Amino acid sequence: MLYEEMRSKAKGLLRPLTTKPLQPLSSHRHLFCLLFLSALFLTHSEAVCNAQDQESLLWFSGNVSSSVSPLNWNLSIDCCSWVGITCDDTSESHVTAISLPLRGLSGNLSSSVLNLHRLSHLDLSHNLLSAGPLPPGFFLALDHLMVLNLSYNSFNGELPLEHGSNKFFFPIQTVDLSSNLLQGQILNTSIYLQGAFSLISFNVSNTSFTGPILSFMCMSSPQLSHLDFSNNDFAGQISRGLGRCLNLSVLRAGFNNISGEIPVEIYNLSELEQLSPSQSSITGKIDNNITRLKKLKLLELYSNHLEGEIPKDIGHLSSLQSLQLHVNNITGTVPLSLTNCTKLVKLNLRINRLIGNLTELEFAGNKLTGQISPRVKELESLTFLAFSDNILTNITGALSILQRCRKLSILMLARNFYDETFPSNVNFVSSYGFPS
């Protein structure tokens, strides 16, 4: 009844057509008028929300609540105008998107959403939704979904089992289930993931999933660029199949129980920017082929059981911004080629078995900010240090620290400290490369 009344009101907005005879018009003007009237009628008729979708939304709202930002969906307003709701522009006005992040919603996810068959975007991230697992049949029912973001909630249990489908292709592009209480295995027999040919990003970090790290999606989803398995209970070795994800730019798998060596196939991923299997049980050495990853910006291999030396040509990774290899069994010396990593802002090699003298450090011509660390004075063999053309602060503190580097003979700090007054010890400043 409510649906019919709303349609009646919408149609009532149109004035009756005049009964006067039409004046002679050119065929083009006549056609234009007909098109205008048709468009006007469609505009008003499309303004009414689909009745079944409206009912499904009401069931959804009845299962959640918020003292922070209540939904306040009002029946006197077309549901396509409700907060967080988007509809398509067809005559039936189906709901295509629910976007309600950061609203403090608590309760559960009603199975009524499964009736929203045209839903393409569902974002309920950063809420307090819990009270059970995802509804049975969740993925197969919402077979128009392109974006699914349920991150930062308290959904628990295993992912819904899939019992077959006549559909071979699912248009999903983004799946983010991170920071929930989900558990169990993500099966490589998943009909949904096998048919996710358009999948770009898959994030299940900070959950409690078990089993092996998935790689079968590299075959079914050729555009896959973001995989995040970190902070779970995944076990076993990193699959060689991940080397087939040729468009992969982010591979995060740290804080799991994975073991074995990093497969050499990973070094075929020319688009890779982040590689992070940290805090696990990775063994072996850092292969020299890692220098093929020219776009690599972040390399986190810390807290593993790595051995061998750091590749001497690691400086070929000119895009590297963060290199963290601490807490391993790495041996040998620190490669001098690291000075070619001019974009490097974070370097951590502590708690290894490195030997030799670190005599030269050059980081000139970057955008480094902050102060020189007091730990620089621990580099007892340091003879050359270049930090010029950056944005360093605290000139007095820097000089106090560096004066303790007994073998330091060349110090370049020019064109820093722009808003500070240089100390009166001009001789010391000028002899170490400061402008006099």
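Helix H5 supplies the largest share of the lining of the second largest pocket, namely three residues. This comes from a predicted model, and the pocket in question has a volume of about 300 Å³. Its lining counts 17 residues, and those closest to the pocket centre are Leu 159, Pro 160, Glu 162, Leu 187 and Ser 190. Sorted by class, the lining of the second largest pocket is made up of 12 nonpolar, three polar and two charged residues.

Helix H5 turns up again among the aromatic contacts. The whole structure holds 10 aromatic pairs. Take Phe 139 and Tyr 192: their ring centres sit 5.1 Å apart with the planes at 45°, and because planes count as stacked under 30 degrees and as edge-to-face over 60, this pair goes down as tilted. The partners come from distant parts of the chain, with Phe 139 in helix H4 (residues 138-141) and Tyr 192 in helix H5 (residues 191-194), 53 residues apart. Are these two rings buried or exposed? Phe 139 has a relative accessibility of 7%, so it counts as buried, and Tyr 192 is buried too, at 3%. The pair is also part of a wider group, since ring pairs link Phe 138, Phe 139, Phe 170 and Tyr 192 into a cluster.

Then there are the cysteines. The search of the whole structure gives three disulfides, and with the bonded cysteines numbered in sequence order the pairing reads 1-2, 3-4, 5-6.

One of the three disulfides joins Cys 49 to Cys 79, with an S to S distance of 1.6 Å. The torsion about this S-S bond is about 45°, so the Cys 49 and Cys 79 link is right-handed. Cys 49 belongs to the loop between helix H2 (27-45) and helix H3 (51-62), while Cys 79 belongs to the loop between strand E1 (64-65) and strand E2 (85-87); the bond therefore ties together parts that are 30 residues apart in sequence. As for accessibility, Cys 49 is buried at 3%, and Cys 79 is buried at 0%.

Another disulfide is formed by Cys 80 and Cys 87, whose sulfur atoms are 2.1 Å apart. Here the S-S torsion is about -95°, so the link between Cys 80 and Cys 87 is left-handed. Why do these two cysteines count as buried? Buried means under 20% relative accessible area, and Cys 80 has 19%; Cys 87 also comes out at 19%, so it falls in the buried class.

The remaining bond to describe is between Cys 218 and Cys 245, with the sulfur atoms 1.8 Å apart. A value of -85° about the S-S bond makes the link of Cys 218 and Cys 245 left-handed. Where do the two ends lie? Cys 218 is in helix H6 (residues 217-220) and Cys 245 is in the loop between strand E14 (235-237) and strand E15 (250-252), so this pair ties together parts that are 27 residues apart in sequence. Both Cys 218 and Cys 245 are buried.

One further cysteine can be added on the accessibility side: Cys 341 has 1% relative accessibility and therefore counts as buried.

Technical notes
Residues numbered from 1 in each chain as written. Predicted model: local features only at pLDDT ≥ 70, side-chain atom pairs only at ≥ 80, totals over all residues. Heavy atoms only, no water. Phe/Tyr/Trp six-rings, centres within 6.5 Å; stacked < 30°, edge-to-face > 60°. Helix = DSSP H or I, 4+ residues; strand = E, 2+ residues; numbered from the N terminus. Buried < 20%, exposed > 50% of the residue type's maximum accessible area, 1.4 Å probe, protein only. Disulfide = S-S within 2.5 Å. 1 Å grid on protein atoms, 1.4 Å probe; cavity = no way out; pocket = protein on both sides within 12 Å on 5 of 7 lines; lining within 4 Å. Points joined across faces, edges and corners; volume = space filled by probe spheres on them. Nonpolar A, V, L, I, M, F, W, Y, C, P; charged D, E, K, R; others polar.
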